[in-house]
Amino acid sequence: MQNLVYFTDATQLFSSALAAWRNNIDVGTGHSKGIEFLYEKDGERLTARIAYTLSKTDRVFPNMNAGEAFPAKFDRTHILNATVEYILSKKSNREIGLTSLFTFQSGHRETVAAGSFSGHLLKDEKTLDVDWFTTTNNYQMPDYIRWDIGAYIKWEEARYTSMLNLGIYNVLNRHNPYTITYDGETREWKQISLLPIMPSLSYRIQF
C-alpha cells in the first residue's frame with residue numbers, strides 16, 4: 001500500500017490549528033499479507049459457516065517510530081467467525097429453529113507508556129514523573145471473544161411473513177475491551193468495555 005496518510009497530532013484535530021493540517025500529517029507505506037479459509041455446509045436442517053483469517057499488517061512512516069515498521073492499529077493475527085443454524089421443525093407455513101454465532105479476534109493495537117522516569121523542570125526543584133514510550137502501537141489489547149445464541153419462529157401468511165426472534169448476546173458475559181483510557185491521577189491505563197450478557201427480543205414482518 002502506497003501514500004498512506006497518518007495524522008501525527010490528534011490533539012489538534014478539532015482545534016483552530018486544523019487550517020494547517022498539512023503540517024501534521026506523515027505519508028508512508030503499508031504491507032499486508034495473510035491467508036483465509038472458509039467452510040460452508042448447507043443441509044436440509046443444518047446450515048453452518050466457518051471462516052478463519054491469519055494475517056499480518058504493518059505501517060512504515062519516515063517520521064514515526066524512527067522510520068521502522070510497526071503494527072497497524074487494527075492488525076489482528078487471528079480472526080475466526082462461526083455461525084450455525086439448525087431447523088427443529090419445518091412445516092408448510094411454519095419454521096422453528098436455533099441459531100448460534102461465535103467470534104474470536106486477536107486484540108487490536110494501542111500505543112501506551114512502557115514506563116516512567118523522574119525529571120525536573122528548569123529552575124525548579126520539584127520532581128516530575130515523565131512517561132516514556134518505546135514503539136508505536138506497542139501494546140496489544142486482550143483478545144475479543146463473543147458467543148451469541150438464539151431461537152426463532154417463522155410463519156407465512158397469505159400476504160406477509162412474520163418472524164419472532166429470542167436471543168442472548170454475549171452468553172459468556174465476557175467484558176471484551178473496546179478501548180483503553182489513561183487515568184492521570186492514578187497514572188494507570190484502564191480498559192473500557194461496552195456490553196455484558198444481554199437478552200434480546202425482536203419481531204419482524206416481511207411483505
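This tour moves from the whole chain to a few selections worth making in the viewer, in a model that is predicted.

**The whole protein**

Begin with the entire chain in a cartoon view, where you will find 15 strands and zero helices. Turn the chain along its principal axes, and the C-alpha atoms will be seen to fill a box of roughly 85 × 40 × 35 Å. The radius of gyration is 25 Å, whereas a compact globule of 207 residues would have one near 17 Å. If you then colour by accessibility, buried residues account for 23% of the 207 residues, and the surface that the protein exposes comes to about 14,500 Å², with carbon and sulfur atoms supplying 56% of it. Among contacts between residues at least 6 apart in sequence, 57% join residues that are at least 24 apart.

**His-108 and its surroundings**

Next, select His-108, which lies in the loop between strand S6 (94–105) and strand S7 (109–110). Is His-108 buried or exposed? With a relative accessible area of 7%, His-108 counts as buried, because the cut-off for that word is under 20%. Show side chains here, and you can trace a polar contact of 3.2 Å between the side chain of His-108 and that of Glu-110. Now widen the selection to the residues that His-108 contacts beyond its neighbours within four places in sequence: these are Lys-73, Phe-74, Asp-75 and Arg-76, together with Tyr-139, Gln-140, Met-141 and Tyr-178.

Two of these contact residues, Lys-73 and Phe-74, deserve a selection of their own. The charged end of Lys-73 sits over the ring of Phe-74, at 5.7 Å from the ring centre.

**The aromatic rings**

For the last stops, display the aromatic side chains; a search of the whole structure finds four aromatic pairs. One of them is formed by Phe-37 and Tyr-52, which are stacked, with 6.4 Å from centre to centre and 20 degrees between the planes. This pair links distant parts of the chain, since Phe-37 belongs to strand S2 (residues 25–42) and Tyr-52 to strand S3 (residues 46–60), the two being 15 residues apart. Keep the accessibility colouring on for a moment: Phe-37 is partly exposed, with a relative accessible area of 49%, and Tyr-52 is also partly exposed, with a value of 25%.

Finally, which residues form one aromatic cluster? Select Tyr-6, Phe-61 and Phe-70 together, and you will have that cluster in view.

Note on methods. Residues are numbered from 1 along each chain as its sequence is written. This is a predicted model: local features need pLDDT of at least 70, side-chain atom pairs count only at pLDDT 80 or more; totals for chains, interfaces and linings use all residues. Side-chain values use heavy atoms; hydrogens and water are left out. Helices (H or I, at least four residues) and strands (E, at least two) are DSSP runs, numbered from the N terminus. Buried means under 20% relative accessible area, exposed over 50%, partly exposed in between (1.4 Å probe, protein chains only). A polar contact is a pair of N or O atoms within 3.5 Å; within protein, one must be able to donate a hydrogen and the other to accept it, and residues adjacent in sequence count only if both atoms are side-chain atoms. Contact means heavy atoms within 4.5 Å. Rings of Phe, Tyr and Trp (its six-membered ring) pair if their centres lie within 6.5 Å; planes under 30 degrees apart count as stacked, over 60 as edge-to-face and the rest as tilted. A charge sits over a ring if NZ of Lys or CZ of Arg is within 6 Å of the ring centre and within 35 degrees of the ring normal. The radius of gyration is taken over C-alpha atoms; the globule rule is 2.2 Å times the number of residues to the power 0.38. Accessible areas come from the Shrake-Rupley method with a 1.4 Å probe; for residues, only the protein chains shown count as cover.
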